[in-house]
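Reader: I keep meeting labels such as "buried" or "salt bridge" and I would like to know where they come from. Could you take me through some of them?

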Amino acid sequence: MKYWLTFTVLWAAAVLMGADVATYIGHDKVAESMVKDGSLAKGPGYTVSGNHRDKAGEVEVHDKETDIFYVTDGEATFVTGGTMVGGKKTGEGQWRGTDIKGGVTHKLGKGDVITIPAGMPHWFKEVPKSVSYFVVKVIKE
């Protein structure tokens with residue numbers, strides 16, 4: 001069931017982005033990306049990666065990237081929206097901060113999907129043990 005949902009999410013993202021070349025990623029590489037973090041596919045207007053974290057992160061804002069997360073294991077407290085505190089530009093269209101004032105708190109767990117529109121602050125505020133997830137980034141030109 002979880003592989004069907006993963007396939008559906010990735011397929012839908014590819015269709016929405018107008019991908020014209022199929023990319024196959026074998027289960028070994030997918031499993032490795034969920035432990036070590038890693039890129040799985042990249043094309044015009046999108047990226048797909050596997051991620052794993054065992055601690056909280058920094059607040060992020062991506063000016064031109066919409067993130068779609070699919071949690072495959074673990075749990076985390078995730079905050080979206082509000083206003084970034086202590087924001088500093090870390091790259092072209094990329095910002096990092098220390099906190100979010102306001103925002104909505106989500107308890108993410110295995111099987112959850114969350115979408116974060118470009119320009120919206122977001123943050124893995126708490127990761128009690130660990131969380132593994134796929135990220136599809138839809139990039140505005």
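Author: Happily; below we set values beside the cut-offs that give the labels. Please keep in mind that this is a predicted model.

Reader: What makes arginine 96 and glutamate 60 a salt bridge?

Author: Their closest N and O atoms are 3.7 Å apart. The cut-off is within 4 Å, for a side-chain nitrogen of Lys or Arg and a carboxyl oxygen of Asp or Glu, so an arginine with a glutamate can qualify. At 3.7 Å, this pair does count as a salt bridge.

Reader: Why can we say that the pair of arginine 96 and glutamate 60 ties together parts that are apart in sequence?

Author: Look at where each one sits: arginine 96 is in strand E7 (residues 94-97), while glutamate 60 is in strand E3 (residues 59-62), so the pair links parts 36 residues apart in sequence. There is also a network here: salt bridges with shared partners join Glu58, Glu60 and Arg96.

Reader: Are these two residues buried or partly exposed, and how do you know?

Author: Buried needs a relative accessible area under 20%, exposed needs over 50%, and partly exposed lies in between. Glutamate 60 has 17%, so glutamate 60 is buried. Arginine 96 has 32%, so arginine 96 is partly exposed.

Reader: How do you know that lysine 137 meets aspartate 67 in a salt bridge?

Author: The N to O distance is 2.7 Å, and the limit is within 4 Å. Lysine 137 also has a salt bridge with glutamate 65, at 3.1 Å. Lysine 137 belongs to strand E12 (residues 131-139) and glutamate 65 to strand E4 (residues 65-80), so this pair ties together parts 72 residues apart in sequence. A search of the whole structure gives 4 salt bridges.

Reader: Why is aspartate 67 called buried?

Author: Its relative accessible area is 1%, and buried means under 20%. By that cut-off lysine 137, at 18%, is buried too, and so is glutamate 65, at 16%.

Reader: What makes the pair of tyrosine 70 and phenylalanine 134 stacked?

Author: Ring centres must lie within 6.5 Å to pair, and planes under 30 degrees apart count as stacked. Here the centres are 6.5 Å apart and the planes are at 5°, so the pair is stacked. Tyrosine 70 lies in strand E4 and phenylalanine 134 in strand E12, so parts 64 residues apart in sequence are tied together. Tyrosine 70 is buried at 4%, and phenylalanine 134 is buried at 8%.

Reader: Why is the pair of phenylalanine 78 and phenylalanine 124 called edge-to-face?

Author: Their planes are 65° apart, with 4.7 Å from centre to centre. Over 60 degrees counts as edge-to-face, so that is the label. Phenylalanine 78 is in strand E4 and phenylalanine 124 in strand E11, so this pair ties together parts 46 residues apart in sequence. Phenylalanine 78 has 0% relative accessibility and counts as buried; phenylalanine 124, at 7%, is buried as well. Both residues belong to one aromatic cluster with Phe69 and Tyr133.

Reader: Which residues lie closest to the centre of the second largest pocket?

Author: The second largest pocket has a volume of about 340 Å³. Of its 21 lining residues, Asn51, Glu60, Tyr133, Val135 and Lys137 are the closest to the centre. The lining divides into 7 nonpolar, 7 polar and 7 charged residues.

Terms used
Residues are numbered from 1 along each chain as its sequence is written. This is a predicted model: local features need pLDDT of at least 70, side-chain atom pairs count only at pLDDT 80 or more; totals for chains, interfaces and linings use all residues. Side-chain values use heavy atoms; hydrogens and water are left out. Helices (H or I, at least four residues) and strands (E, at least two) are DSSP runs, numbered from the N terminus. Buried means under 20% relative accessible area, exposed over 50%, partly exposed in between (1.4 Å probe, protein chains only). On a 1 Å grid over the protein atoms alone, a cavity is a set of points where a 1.4 Å probe fits but cannot get out, and a pocket is an open set with protein on both sides within 12 Å along at least five of seven lines; lining residues have an atom within 4 Å of a point. Grid points are joined across faces, edges and corners, and a volume is the space filled by probe spheres set on the points. Ala, Val, Leu, Ile, Met, Phe, Trp, Tyr, Cys and Pro count as nonpolar, Asp, Glu, Lys and Arg as charged, and the others, Gly among them, as polar. Rings of Phe, Tyr and Trp (its six-membered ring) pair if their centres lie within 6.5 Å; planes under 30 degrees apart count as stacked, over 60 as edge-to-face and the rest as tilted.
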